[in-house]
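Please look over the structure below together with its sequence. The report that follows goes through selected contacts, cores, salt bridges and surface features.

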Amino acid sequence: MNRPQNPSRPGKGTQRPSSGRYSVWRLLREGLRKQQGWKRAWAKAEPRARYRVVIVGGGGHGLATAFYLAGAHGISDVAVLERGPIGLGNVGRNTTIVRSNYFNPDNVRFYEFSLKLWEGLERQLNFNTMVSQRGTLNLFHTEAQRDLFTRRANQMRLLGVDAEPLSREAVRKLVPMVDLDNGRYPVLGGFLQPRGGTVRHDAVAWGYARAASEAGVDIVEHCEVTGIGIAGSRVTGVQTPRGFIRADTVCLAVAGHSSHLAAMAGLRLPIESHVLQAFVTEGIKPVIDVVLTYGAGHFYVSQSDKGGLVFGGAIDGYNTYGQRGTLPMAEEVAAAAMTLLPGLARLRVLRQWGGVMDMTMDGSPIISQTPIEGLILNGGWCYGGFKAIPAGGFTTAHLIAHGAPHPLAFHLDLARFAEGRTVDERGIGPFPYLH
């Protein structure tokens, strides 16, 4: 990747601190040298007084935006501000699923673009993000659901995206543990997206941070934004405990805290914040080699490389910024797991956590300019935030660099809510907790 010279940065012409290129030969060499040659994966930067772009939020979307700004648009005068260490926000609080099996044509194109970026990400970042395209299997339980999934699969095929129908017997062969004849919601079949799968969430954050830092971006940890400066109708920068940082453009990429940060600029967003729980069991031998979703019980599960089953369900219905969740929702998810996979009954749950979800009024995200000039919003991801990291970062970087939305994200503008152009993937209406 070519890094343009930037006269506003200190040390012009000097090499950016870097951990160097990773390879099997490097691994062997460092092993022979008693692991003494490794350096920091990314530079621990101190904030400067001014940047061309300040990105608030060092999660997946914020780091991806910085990486693509530097790599695709030559803009490396960028700071990513994260209130804690990199990787401890929502980017590390999810079930790691990636897929593009949507119904709305614009959403299918967007998430398919993201899936294609996932497929080449490890080579682009020179970092093992553990992309595992094991397939995503959606089960259906009624004839009406069969029709709905058939429509979705046909829409995907028309747009050149992979989708395969599976009979009951094919489901049984692929996932023998599934109780097809359970008394609650018998399984009639399913649809498989073979290119779906999982990606290691921590590695995504570390890989993007490392690559963005090497490209010249300042990754500033432990730097919480406490205010947003505005002069007239234009953003001027952000206030932090380390002082005011001026910027031509400020991008908010703060996952479940979008409403909180936007309020600092006097904006009220069409977003509610809810907690989404996830769980991991003790490690067992391989039993599930796909991502399995339960169409009736809102339950999804995959098996990690360590052997633990990673699973989750729906959001808790109340508004919160908490990251713990409640026992009633944990009980509901466990009941769905037992209905579909009764063989899991004796497994112990080792860990539980919650991520704060930006739930929009139509269930689709927002990548948009705002009424305040120079203030960009990347948020409202509902359930789709992790799988959209590459495309979200790429299209947000395009918006910042060109001042116009990327064609794949044109439908995700903020103005759609006022103009009645909502992107309601599930056709539920303006009820965030249902999306």
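## Surroundings of V178

Leaving aside residues up to four places away in sequence, V178 touches L139, V187, L292, L340 and L341. The model in which these contacts are found is a predicted one. V178 sits in the loop between α5 and β6, and V178 counts as buried because its relative accessible area is 6%, where buried means under 20%.

A long separation can be given for this residue as well: V178 and F410 are 232 residues apart along the chain, and their C-alpha atoms are separated by 40 Å.

## The nonpolar cores

The largest nonpolar core holds 58 residues, and within it I55, F110, W118 and Y208 touch the most other members. Two or more residues of this core come from each of β1 (50-56), α2 (60-73), β2 (78-81), α3 (105-125), α4 (143-158), α6 (201-214) and α9 (389-402). The greatest contribution is that of α3, which gives eight residues. At least three residues of this core are drawn from each of two domains, namely domain 1 (43-93 + 201-271 + 362-434) and domain 2 (135-196 + 272-358).

For Y208, the contacts can be listed one by one: with residues up to four places away in sequence not counted, Y208 touches L63, A64, F67, Y68, L121, L125, I389 and P390. A second core, separate from the largest one, has 29 residues, and Y51, V238, I366 and F417 are among them.

## Salt bridges

The count of salt bridges in the model comes to 22. One of the pairs is formed by D77 and R48, whose closest N and O atoms are 2.9 Å apart. This pair links distant parts of the chain, since D77 belongs to the loop between α2 and β2 and R48 to the loop between α1 and β1, with their positions 29 residues apart in sequence. Both D77 and R48 are buried.

How exposed are the partners in other pairs? The side chains of R168 and D181 meet in a salt bridge with an N to O distance of 3.0 Å. R168 lies in helix α5 (residues 168-174) and D181 in the loop between α5 and β6 (189-193), so this salt bridge ties together parts that are 13 residues apart in sequence. R168 is partly exposed, its relative accessible area being 25%, whereas D181 counts as exposed because its relative accessibility is 54%. R421 and D413 also meet through their side chains in a salt bridge, at 2.6 Å from N to O; here R421 is partly exposed, with a relative accessible area of 34%, while D413 is buried, with a relative accessible area of 18%.

## Helix α1: charged network and nonpolar patch

Salt bridges can also be joined into a network, and R26, R29, E30 and R33 are linked in this way. On the surface, V24, W25 and L28 form a nonpolar patch, and together these residues have about 380 Å² of accessible area.

V24, a member of this patch, has its place in helix α1 (residues 24-32). V24 counts as exposed because its relative accessibility is 53%, and exposed means over 50%.

Conventions: Residues are numbered from 1 along each chain as its sequence is written. This is a predicted model: local features need pLDDT of at least 70, side-chain atom pairs count only at pLDDT 80 or more; totals for chains, interfaces and linings use all residues. Side-chain values use heavy atoms; hydrogens and water are left out. Patches are made of residues with over 30% relative accessible area and no salt bridge: like charges are joined within 9 Å, nonpolar side chains (Val, Leu, Ile, Met, Phe, Trp, Tyr) within 5 Å. Accessible areas come from the Shrake-Rupley method with a 1.4 Å probe; for residues, only the protein chains shown count as cover. A salt bridge is a side-chain nitrogen of Lys or Arg within 4 Å of a carboxyl oxygen of Asp or Glu. Helices (H or I, at least four residues) and strands (E, at least two) are DSSP runs, numbered from the N terminus. Buried means under 20% relative accessible area, exposed over 50%, partly exposed in between (1.4 Å probe, protein chains only). A nonpolar core is a set of buried Ala, Val, Leu, Ile, Met, Phe, Trp, Tyr and Cys residues joined through side-chain atoms within 4.5 Å. Domain bounds come from an automatic or database domain assignment. Contact means heavy atoms within 4.5 Å.
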